[in-house]
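Q: Could you take me through one part of this model in some detail? I would like to follow a single strand and its surroundings.

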Amino acid sequence: MNLRDLVGKYVTALHRKIYDVSGGRLLKRFGGMPVVELTTKGRKSARARTVMLTSPLRHEGNYVIVASRGGDDRSPAWYLNLVADPEVEVTAEGTTATMRARTASATERGQLWPNVVKAYKGYGGYQSKTDREIPLVILEPSGSGPV
């Protein structure tokens, strides 16, 4: 694990701890965006893996998250996990629900990306740092209750 990954791991753990201890009252927004807790199934281990992410957009009742990894040339592990198994658990705004994750189509991404960058300009900078097209992920309710 490189230094950047290690720092990210500890920042996420600290964020989650503060969020959990405060009952979701602290750090429920970051950079002006709502925070979501995403739990995926590890593609190799099959163990639950949870990360704290921001959601720059709500689109047609769904959350949109960005697989940017800060502009790294590699996709984040959580993204690879949900591609392998799109059934995820999402906690947002005090509610937890099972959701289905999917990568936005090229057309959807083209429509959504300008609004993602408008919500947080940093995403545009991340895209300029890498040759890979940063995926947008749409989290859709799977029938187990609204998020």
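Which strand pairs with β5 in the antiparallel sense over four bridges?

A: Happy to look at that with you. The partner is strand β8, residues 136-141, which pairs with β5 in the antiparallel sense over four bridges. Two strands count as paired if DSSP finds at least two bridges between them, and the elements themselves are DSSP runs numbered from the N terminus, with helices (H or I) of at least four residues and strands (E) of at least two. Before going on, a word on the model: it is predicted, so local features need pLDDT of at least 70 and side-chain atom pairs count only at pLDDT 80 or more, while totals for chains, interfaces and linings use all residues. Residues are numbered from 1 along each chain as its sequence is written, and side-chain values use heavy atoms, with hydrogens and water left out.

Within the pairing of β5 and β8, Val66 stands opposite Leu136. On its other pairing, β5 (62-66) joins β4 in the antiparallel sense over three bridges. There, Arg58 has Tyr63 in β5 as its bridge partner. The two strands β4 and β5 form a hairpin with two residues between them, and Glu60 in the turn has a positive phi of about 50°. Gly61 also lies in the loop between β4 (57-59) and β5.

How enclosed is β5? Five of its five residues are buried, so the strand is largely enclosed by the rest of the structure. Buried here means under 20% relative accessible area, exposed means over 50%, and partly exposed lies in between, using a 1.4 Å probe and protein chains only. In a regular strand the side chains alternate between the two faces of the sheet. For β5, both faces are covered: Asn62, Val64 and Val66 are buried on one side, and Tyr63 and Ile65 are buried on the other.

The loop before β5 is another matter, since Gly61 counts as partly exposed at 44% relative accessibility. Gly61 also leads us back to β8: its C-alpha atom is separated by 7.8 Å from that of Glu140, although the two residues are 79 apart along the chain.

Glu140 is a good place to continue. Glu140 counts as partly exposed at 22% relative accessibility, and it forms a salt bridge with Arg102, the closest N and O atoms being 2.9 Å apart. This pair links distant parts of the chain, with Arg102 in strand β7 and Glu140 in strand β8, 38 residues apart. A salt bridge is a side-chain nitrogen of Lys or Arg within 4 Å of a carboxyl oxygen of Asp or Glu. Arg102 is partly exposed too, at 29% relative accessibility. Together with Glu108, Arg102 and Glu140 are linked in a network of salt bridges.

Strand β7 takes part in another such contact. Arg100 forms a salt bridge with Glu87, where the closest N and O atoms are 2.7 Å apart. Arg100 lies in β7 (residues 95-103) and Glu87 in strand β6, so the pair ties together parts that are 13 residues apart in sequence. Arg100 is partly exposed, with a relative accessible area of 40%, and Glu87 is partly exposed with 34%.

To place these contacts in context, the structure holds seven salt bridges. Among them is the one where the side chains of Asp85 and Lys41 meet, at 3.5 Å from N to O.
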